[in-house]
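Thank you all for making time this morning. I would like to walk you through one structure, moving from its charged pairs to its sheet and then to its buried side chains.

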Amino acid sequence: MPRYEYRCRTCGDTFELSRPMAESAAPAACPAGHDDTVKLLSTVAVGGSASAPSPAPQAGGGGGGCCGGGCCG
């Protein structure tokens with residue numbers, strides 16, 4: 001279940017709640033009991049590695065298409 005971060009406008013406290021995505025925008029009372037809260041925007045960290053892009057074809061390399069080998073003369 002996702003965790004969402006909220007901030008209380010009354011006392012300034014920030015807190016997290018685990019709730020279904022469908023309820024992420026529902027009102028949330030702060031731990032001190034205040035009802036004036038706002039959901040904070042969160043960033044998502046994604047791990048892993050990206051592969052390097054393929055090198056660009058060299059001029060005259062016969063890659064097809066115009067000026068790549070086939071139609072220019």
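**Charged pairs, sheet and buried face**

There are 2 salt bridges in this structure, and I should say at once that what you see is a predicted model. Side chains of opposite charge can pair when their charged atoms come close. One of the salt bridges joins Arg 3 to Glu 16, with 2.9 Å between the closest N and O atoms. This pair links distant parts of the chain, since Arg 3 belongs to strand S1 and Glu 16 to strand S2, and 13 residues separate them. Arg 3 is exposed, its relative accessible area being 51%, whereas Glu 16, at 45%, is partly exposed.

In the other pair, Asp 36 forms a salt bridge with Arg 9, and here the closest N and O atoms are 3.6 Å apart. Asp 36 sits in the loop between S2 and S3 while Arg 9 sits in the loop between S1 and S2, so this salt bridge ties together parts that are 27 residues apart in sequence. As for accessibility, Asp 36 counts as partly exposed at 36%, and Arg 9 counts as exposed at 51%.

Let me turn to the framework that carries these residues. The protein chain has 0 helices and 3 strands, and, read along the sequence, it follows the pattern β-β-β. In what order do the strands lie in the sheet? The sheet is open, the order is S2-S1-S3, and the pairing is antiparallel. S2 and S3 stand at the edges, and because each has a single partner strand, one side of each is left without a neighbour in the sheet. From one strand to the next, the twist averages 35°.

Looking at the pairings themselves, S1 and S2 are joined over 5 bridges in the antiparallel sense, and S1 and S3 over 3 bridges, again in the antiparallel sense. Arg 7 is a convenient reference point, for it stands opposite Thr 14 in S2 and has Val 38 as its bridge partner in S3. The hairpin of S1 and S2 has 5 residues between the strands, and within that hairpin Gly 12 takes a positive phi near 80°.

Now to the two faces. In a regular strand the side chains alternate between the two faces of the sheet. Along S1, which covers residues 3–8, Tyr 4, Tyr 6 and Cys 8 point to one face and are buried, while Arg 3, Glu 5 and Arg 7 point to the other and are not.

Tyr 6 deserves a closer look. Its bridge partner in S3 is Lys 39, and Tyr 6 counts as buried because its relative accessibility is 2%. The structure holds 1 aromatic pair. The rings of Tyr 6 and Phe 15 have centres 5.7 Å apart and planes at 20°, so they count as stacked. Phe 15, at 8% relative accessibility, also counts as buried.

A loop residue comes into contact with this face as well. Ser 24, in the loop between S2 (14–18) and S3 (37–39), is buried, with a relative accessible area of 14%. Leaving aside residues up to four places away in sequence, Ser 24 touches Tyr 4, Tyr 6, Arg 19 and Lys 39.

To finish with the chain as a whole, buried residues make up 14% of its 73 residues. The chain exposes about 5800 Å², of which carbon and sulfur atoms supply 54%. Among contacts between residues at least 6 apart in sequence, 26% join residues at least 24 apart.

Methods. Residues numbered from 1 in each chain as written. Predicted model: local features only at pLDDT ≥ 70, side-chain atom pairs only at ≥ 80, totals over all residues. Heavy atoms only, no water. Helix = DSSP H or I, 4+ residues; strand = E, 2+ residues; numbered from the N terminus. Buried < 20%, exposed > 50% of the residue type's maximum accessible area, 1.4 Å probe, protein only. Contact = heavy atoms within 4.5 Å. Pairing = 2+ DSSP bridges. Phe/Tyr/Trp six-rings, centres within 6.5 Å; stacked < 30°, edge-to-face > 60°. Axes fitted to C-alpha atoms, helices over the stretch in contact; angles between N-to-C directions. Areas by Shrake-Rupley, 256 points an atom, 1.4 Å probe, with all protein chains shown as cover. Salt bridge = Lys/Arg side-chain N within 4 Å of Asp/Glu carboxyl O.
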